[in-house]
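Visitor: Please take me through the interior of this protein. I would like a close look at the nonpolar core and what surrounds it.

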Amino acid sequence: MSSLKNVLYFQAGFAVIANMCLLFLYTFIIVGHRFKPTDLMSYQLTFIHIMMILTGGDIWLTGIFESLNIENDFKCKAIFYISRVMRGLSICITCLLSVFQAVTISPSTSFLAKFKPKLKKYMIYAFFYIWSFNLSFSSNLIFYVGGFTNVSEINQMKVTESCSLFPMNYIIWGFILTLTTSRDVFLVGVMLTTSAYMVIILFRHQRQCKHLHSINHLRVSPEKRATRTILLLVVFFVIMYWVDFIISSTSILVWMYDPFILTVQKFVMNAYPTITPLLHISSDKRLINALKNKQSKHHQIFKNIF
């Protein structure tokens, strides 16, 4: 059990460093006014993933709250709320990213092509609605989470070392579960639909290129490379998300959280935020070039100093 927790801590630390590097590179691109609409989404997604890891149980923020002598009940509600908001934002922004990429690569003759000129305008509205929805939607469960106490232990379900879920009315629980599941199923359905659409477009484009050029002389365009990256992210996200959903739902239905299962769930939750920055940095040449430019500038500064 201790070795598994050590792996979890290593994964969390690596993910935070990788996402902070990605956040820095996206900041450099956005400030330089060379960004695309999808860059703003990836920037937000990177920030969301950092917050997801920081609020992922008794890892980082718990120690910060304790050092500030903040009441345990408030600490649990705050961490739980932020974690739920970030989890909802992660699936929403990932879905939005796949939709916008599908619109971006759609042929000029398709129905989606007419939305291309207004992508940035739609993106601002989408951000506003997504953040507003998740900030309000995730507030319903904060009344049912708090600091773990030894009183009435049977009625509490321990979810971390110091926090627990309190029992709730079956009607309220069924309503919350229905809303959450409906949202997730809808967004995953949209992601899978747009992913299938992008796969079809890539397949058609590749088949057309085969008739015009030799395969050896084909170059992968930035749009195609970005599309492949987003497809990989969507597939990985859907798998990890539903594994996490099954673990969470099963644990709540039987009203029991095993420490080993909880650690495995945290590992699954952190898998997507860990893989995302690696895929972005390895596939986006702009990020690699930005990193090289920064290295060369620092090297030149040190050279001038010494």
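Guide: What follows starts with the fold, moves into the core, and ends at the surface.

This is a predicted model, in which local features need pLDDT of at least 70, side-chain atom pairs count only at pLDDT 80 or more, and totals for chains, interfaces and linings use all residues. Residues are numbered from 1 along each chain as its sequence is written, and side-chain values use heavy atoms, with hydrogens and water left out.

The protein chain has nine helices and three strands. Both are DSSP runs numbered from the N terminus: helices are H or I with at least four residues, strands E with at least two. The order from the N terminus is α-α-α-α-α-β-β-β-α-α-α-α. Of the 306 residues, 45% are buried. Buried means under 20% relative accessible area, exposed over 50%, and partly exposed in between, with a 1.4 Å probe and protein chains only. A contact is a pair of heavy atoms within 4.5 Å. Among contacts with a separation of 6 or more, 75% join residues 24 or more positions apart.

Now the core. A nonpolar core is a set of buried Ala, Val, Leu, Ile, Met, Phe, Trp, Tyr and Cys residues joined through side-chain atoms within 4.5 Å. The largest one holds 45 residues, and M41, M86, I91, I93, L96 and M191 touch the most other members. At least two residues each come from helix 1 (2-31), helix 2 (37-54), helix 4, helix 5 (119-137), helix 6 (170-212), helix 7 and helix 8 (259-283). Helix 4 gives the most, with 13 residues. M191 touches I91, T94, C95, S98, V234 and F237, leaving aside residues up to four places away in sequence. A separate core of eight residues includes F80, L165, M168 and I176.

C95 itself is buried, at 6% relative accessibility. Its sulfur is 7.3 Å from the closest cysteine sulfur, in C92, too far for a bond. The whole structure has zero disulfides, a disulfide being a pair of cysteine sulfur atoms within 2.5 Å. Another cysteine, C21, is partly exposed at 41% relative accessible area.

Charged pairs come next. A salt bridge is a side-chain nitrogen of Lys or Arg within 4 Å of a carboxyl oxygen of Asp or Glu. The count is two. R87 pairs with D244, with the closest N and O atoms 2.8 Å apart. R87 lies in helix 4 (residues 72-105) and D244 in helix 7 (residues 222-253), so this bridge ties together parts 157 residues apart in sequence. R87 is buried at 8% relative accessible area; D244 is buried at 3%. The other bridge joins R183 and D184, with the closest N and O atoms 3.0 Å apart. R183 is buried at 10%, and D184 at 0%.

Last, the outside. The protein chain exposes about 17200 Å², and carbon and sulfur atoms supply 69% of that. These areas come from the Shrake-Rupley method with a 1.4 Å probe; for residues, only the protein chains shown count as cover. F10, F14, I275 and L278 form a nonpolar surface patch with about 380 Å² of accessible area together. Patch residues have over 30% relative accessible area and no salt bridge; like charges are joined within 9 Å, and nonpolar side chains (Val, Leu, Ile, Met, Phe, Trp, Tyr) within 5 Å. Helix 1 and helix 8 each supply at least two residues of the patch. L278 sits in helix 8 and is partly exposed, at 39% relative accessibility.
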